[in-house]
Amino acid sequence: MSEKKFCVKVYGCQMNVYDADRVRTVLCSRGWQEVEESQADIIMITGCSVRAKAEQKVWSELGLYDVSWKKNQRPLVALTGCIAQRIGEKALSRFPYVRLVAGPRHIGMLPNAIEQIYEHPKSRLNLLDTDPREFHSLNFDSDNITIKRENKFKAYITIAHGCDNFCTYCIVPYVRGRFVSRKPEEIFSEIEMLIKDGVKEITLLGQNVNSYGKDIGLNFAWLLREVSHIEGVKRLRFVTSLPQDFTDDIIDVMASEKNVCPSLNLPIQNGSDRILKLMNRKYSYAEYLEKVKKVREKVPALGLTTDLIVGFPGETEEDFEASLNALREIKFDLVHSAAYSERDGTPAATMPGALPVELRLKRLTELNELQDKITYEINQNLVGKTFEILVDDIAPKGENLLQGRTPSDKVVLFEGKKNLLGEFINVKINSAEAWCLHGVRG
Ligand code: SF4
């Protein structure tokens with residue numbers, strides 16, 4: 001039999017990338033060959049449904065295989081991830097080449113299911129289910145394999161799946177299911193495999209990492225400390241945190257363990273208490289501010305980023321002004337901002353007071369302009385300082401230009417030879433923009 005060939009296309013967040021990498025790892029360990037899209041027998045498309053845009057992109061992507069299917073009866077398509085949880089059934093009935101649909105909770109079943117549709121090309125598999133508590137984890141067939149990942153020196157590792165928080169705008173609890181922690185021994189052994197393969201920086205990943213362990217009698221501060229003690233973990237980060245679960249004991253681990261980086265993403269989502277309540281975020285602006293003060297006191301070199309939504313239903317000019325004030329007062333290093341977009345099936349989608357899209361976008365532009373200025377000023381204050389960076393890649397533009405990150409997660413570009421990749425070096429910052437710093441070895 002000829003070699004089995006597959007290709008993976010990811011339209012989504014880091015969790016989708018991580019899930020896809022695990023499937024790629026297992027298939028390759030079973031003798032599959034990863035190839036260009038045009039050569040593939042099976043294409044796995046996985047994606048995120050948090051924003052409407054990714055969903056539209058996947059719909060149009062699916063339509064593109066029609067020509068090749070009519071000509072060659074190839075490729076077969078496996079649609080997976082949270083996007084499949086939402087649109088899988090429709091896709092299965094609309095496109096004859098969609099042969100497998102599986103949600104994020106069925107990742108452990110995917111390698112076998114992909115092999116099944118390859119062996120029996122007429123079969124159609126629908127692994128979607130409605131039990132939000134069910135989770136099939138994907139373990140590797142051996143611990144002697146190379147885990148596929150985007151970057152040679154940095155790796156993400158999911159520590160928990162799903163979410164129980166039900167923020168009113170968010171689709172995640174419906175498509176990714178209820179919160180399930182991974183067993184610590186699985187996490188530790190995967191990290192050890194990554195370290196053996198040259199990884200120096202680990203990022204613990206989850207929709208809300210701070211809830212880790214609540215379902216298995218453990219807690220996140222414990223996990224963070226344990227991972228920081230694994231030999232070879234030179235740098236350790238985590239995303240994403242939920243303000244109400246970001247506790248003092250986590251701050252203590254950040255302050256006391258040298259390899260836990262001083263970087264934190266703490267999504268505020270809005271500066272107005274009224275909107276936070278409508279969003280079902282269970283903290284007030286004052287409580288959020290208190291957490292920020294505490295963590296900055298104990299971790300002074302902290303790089304702080306946040307997520308913020310503008311244009312939520314019913315957001316007044318006064319509410320919006322509260323978000324702008326939050327930016328002025330807190331001075332985040334970076335804000336991942338978004339204009340509110342309705343997701344069917346969430347409570348916010350049917351709330352009164354929907355704002356015109358133009359107004360949402362206008363507010364988004366205003367907020368981004370303010371934040372760009374703040375980030376620029378913060379970065380200007382770093383000129384003249386020296387940081388240890390992990391050189392993690394070649395910069396997208398420029399001859400001999402390398403890139404790395406400071407412990408606080410700022411991107412630094414500098415001139416250097418490729419043999420520095422994977423090394424920790426000191427770089428003196430000599431200029432700064434809003435999006436990156438420039439430096440020289442020193
Ligand atoms: S915490 Fe809220 S925003 Fe984050 S994944 Fe859970 S429901 Fe969504």
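1. Helix H1 (residues 14-29) lies across E7 and E10, and its direction makes about 95° with that of E7. Helix H7 (residues 184-196) also packs on this sheet, where E7 and E10 are the strands touched. The angle of H7 to E7 is about 165°. Helices (H or I, at least four residues) and strands (E, at least two) are DSSP runs, numbered from the N terminus. Contact means C-beta atoms, placed from the backbone, within 7 Å. Axes are lines fitted to C-alpha atoms, for helices over the stretch in contact; angles run from 0 to 180 degrees between N-to-C directions.

2. A word on the basis of these points. The model is predicted: local features need pLDDT of at least 70, side-chain atom pairs count only at pLDDT 80 or more, and totals for chains, interfaces and linings use all residues. Numbering starts from 1 along each chain as its sequence is written.

3. The sheet under H1 and H7 comes next. Its three strands are ordered E7-E10-E11, and the sheet is open with parallel pairing. Strand E7 (154-158) and strand E11 (235-239) are the edge strands, each pairing on one side only. On average, neighbouring strands here are turned by 25° against each other, direction ignored. Pairing requires at least two DSSP bridges between two strands.

4. Now the pairing inside that sheet. Strand E10 (residues 201-205) and E11 run parallel and are joined by five bridges. Opposite isoleucine 202 stands leucine 236 of E11.

5. There is another open sheet, also of three strands, in the order E12-E13-E14 and with parallel pairing. Strand E12 (263-265) and strand E14 (334-339) each have a single partner strand, so each edge strand keeps one side without a neighbour in the sheet. The average turn between neighbouring strands of this sheet is 10°, direction ignored.

6. Bridges in the E12-E13-E14 sheet can be listed pair by pair. E12 and strand E13 (residues 303-310) are parallel and share three bridges. One residue pair is serine 263 with its bridge partner in E13, glycine 303. Between E13 and E14 there are six bridges, again in the parallel sense. Valine 310 has alanine 339 of E14 standing opposite.

7. How is the link from E13 to E14 made, and with which hand? Helix H12 (residues 317-330) forms a right-handed β-α-β unit with the two strands. Right-handed means that, with the strands pointing away from the viewer, the path from the first strand over the helix to the second runs clockwise. Helix H13 (residues 357-380) lies across E13 and E14 as well, at about 175° to E14.

8. The protein is assigned three domains: domain 1 (5-126), domain 2 (154-380) and domain 3 (386-441). The bounds come from an automatic or database domain assignment. Between domain 2 and domain 3, the C-alpha centres are 25 Å apart. Domain 2 gives 16 residues to the contact and domain 3 gives eleven residues. H13 supplies five residues, the largest share of the domain 2 side that touches domain 3. That side of domain 2 has five nonpolar, six polar and five charged residues.

9. Which residues surround the ligand? Cys163, Asn165, Phe166, Cys167, Cys170, Val172, Pro173, Gln207, Asn208 and Leu242 do. The criterion is a C-beta atom, placed from the backbone, within 6 Å of the molecule. By class, this shell holds seven nonpolar and three polar residues, with no charged ones. Ala, Val, Leu, Ile, Met, Phe, Trp, Tyr, Cys and Pro count as nonpolar; Asp, Glu, Lys and Arg as charged; the others, Gly among them, as polar.

10. Finally, some backbone details to look at. A cis peptide bond runs from arginine 74 to proline 75, with omega near -5°. Proline 75 sits in the loop between helix H3 (66-72) and strand E4 (76-80). Glutamine 73 is in the loop between H3 and E4 too. Its phi is near 55°, a positive value in a residue other than glycine. The bond from valine 239 to threonine 240 is also cis, with omega near -5°. Threonine 240 lies in the loop between E11 and helix H9 (248-256).

Notes:
Contact = placed C-beta atoms within 7 Å.
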